[in-house]
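Got the viewer open? Here is a short tour, one selection at a time.

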Amino acid sequence: MNPTATKSRAIAASAALLLLPLTGCGSAEAGSGSTVTVTVGYQSKTINTVTAGTLLRSLGYFEKQLNALGDGTTYKVDWQDYATGAPITAQMTAGKIDIGSMGDFPLLINAARGKQLGKPTHLVSVTGYNPRGGLNTIVTAPDSKLASIEDLKGKKVSTSIGSAADGTLVRALQRAGIDPVKGIEKLNQQPAVGASALSAGSADALSQFVAWPGLLAYQGKAKALYDGAQLDLPTFHGVTAREDFAKKRPAVLEAFLKAQSEATGYLDAHPVAAAEKVAEATGLPAEVVYLYNGAHGISTFDPAVKPQLVAALKEDVSILKAAKLTGDVDVDSFVDDRYVKKALGSSYAKQLAAAPAPAASEVWPKGATETRTFKTPAELLAYVAQHKDGIRAAYVPDATTGTLWFADQAVWVADGTTLLPFVAPATAQAYVDAHGGALVVSYADALGRAS
């Protein structure tokens, strides 16, 4: 087929879709009484939403679930990819997106905007979460002299205002005794813009959500300054649906949630293959995807709406109110787990009680379809030292927070014969200060000590 003709037809088809009435979302299309288009908004590169977005789309599970409904309707899924949650919320309140996924702070803004505009939405399931807050990280340039959150006073810090990473920045500054409004110069930027600003030197630090901190560290363009898990407050991403859509098409929403659960099962059973699929779809390095979504990754995936996550969401409201991004948000009325409970059936209680996998050190050998797990970081280092040319990636959990990080990017501490990795320099130094004889060592030194 002629490529030009194919492209022209695609453009014409896209233009025709734009002319469809808004009621075409989640309802019968114009001129057809038996075809329904379901529009899903997702963030392909926010990789702890993959079970409701990138991975789910690549596996085709939602389409299969819709086809299995057997209600005589033909379903089409329109997947719309965005960089952040804000445009998804805008499209949902305009009636153009039926189901969306985003982080905890954007979810609250989603709830507030929906109520304000008379287009209520509801949190219907959870995608990826971290019980301590490790999904968000503050990073600096590789050659930066900044060593702790206190050093950010008076500095330029890039973040996306209203995002989960912004919430981490605000809380971290508050705990350090720095006014999050007056104590720094906050740059409101999209993640990619902020990453460029950090590289160009126009920002001193960058606070962002997955996968940006890990990506920049992997590329050698940044180093961690603050591990969000130091806050010890849960962070998560979730799925939100328009109330009118859920009421009109409950079976379709349940089909989505069943498909999400299937995608979660696939990710848990095949973490390396899942990382490769997400990498192929997003252009992110698979090694970075695995840092977050691997067997012992920073993110844990489970559709269940856990009470501790809802409690954390309630605590987030005050941060958004202080920033004048929302007023009061009735979190209890926003959360609606009826659909996911019905979709998951008897397995819901088990998933509700599930906990993250224990922290572990992992090596991804070149050419391997599975990773190797080690009992201690020192054992991992010994293996890496013996197989330097055969390692695709090596991961170690922070000695205090459990946050997984690249072994060659971690801050290493030698305490006698014990080798301990840390994500951030301040936590490593705190350990050294509390343990006489302990000292910070380079990665090369740590490898030498372990071999």
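Two rings of Phe, Tyr or Trp (for Trp, its six-membered ring) pair if their centres lie within 6.5 Å. Keep that in mind for the first stop, and remember that you are looking at a predicted model.

**Stop 1: the ring cluster.** Select Tyr218, Tyr290, Trp364, Tyr395, Trp405 and Phe406: ring pairs link them into a cluster. A search of the whole structure turns up 10 aromatic pairs. Zoom in on Tyr218 and Phe406, whose ring centres are 5.4 Å apart with the planes at 40°, so this pair is tilted. Now colour by element of secondary structure: Tyr218 belongs to helix α8 (residues 212-218) and Phe406 to strand β15 (residues 404-406), so the pair ties together parts 188 residues apart in sequence. Is Phe406 buried or exposed? Phe406 is buried, at 2% relative accessible area, while Tyr218 is partly exposed at 35%.

Next, pick Tyr290 and Trp364, another tilted pair, with 5.6 Å from centre to centre and 50° between the planes. This one also links distant parts of the chain: Tyr290 sits in helix α12 (residues 286-293) and Trp364 in strand β12 (residues 361-365), 74 residues apart. Both rings come from buried residues, with Tyr290 at 1% relative accessibility and Trp364 at 0%. Stay on Trp364 and add Arg392, which lies over the face of the Trp364 ring, at 4.1 Å from the ring centre.

**Stop 2: strand β5.** Select residues 136-140. 5 of the 5 residues of β5 are buried, so the strand is largely enclosed by the rest of the structure. Spin it around and check both faces: Asn136, Ile138 and Thr140 are buried on one side, Thr137 and Val139 on the other. Which strands does β5 pair with? Show β8 (residues 205-209), antiparallel to β5 over 5 bridges, and then β9 (residues 223-227), antiparallel to β5 over 4 bridges. Thr140 is a handy residue to click on here: its bridge partner in β8 is Ala205, and in β9 it stands opposite Lys223.

**Stop 3: helix α6.** Move on to residues 164-175. At 1.5 Å a residue, these 12 residues should span 16 Å, and the end C-alpha atoms are 17 Å apart, which agrees. 10 of the 12 residues are buried, so α6 is largely enclosed by the rest of the structure. Among the buried ones are Asp166, Thr168 and Arg171, along with Leu169, Val170 and Leu173. Finish just past the helix at Gly177, where phi is positive, near 80°.

Methods: Residues are numbered from 1 along each chain as its sequence is written. This is a predicted model: local features need pLDDT of at least 70, side-chain atom pairs count only at pLDDT 80 or more; totals for chains, interfaces and linings use all residues. Side-chain values use heavy atoms; hydrogens and water are left out. Helices (H or I, at least four residues) and strands (E, at least two) are DSSP runs, numbered from the N terminus. The expected span of a helix is 1.5 Å times one less than its number of residues. Buried means under 20% relative accessible area, exposed over 50%, partly exposed in between (1.4 Å probe, protein chains only). Two strands pair if DSSP finds at least two bridges between them. Rings of Phe, Tyr and Trp (its six-membered ring) pair if their centres lie within 6.5 Å; planes under 30 degrees apart count as stacked, over 60 as edge-to-face and the rest as tilted. A charge sits over a ring if NZ of Lys or CZ of Arg is within 6 Å of the ring centre and within 35 degrees of the ring normal.
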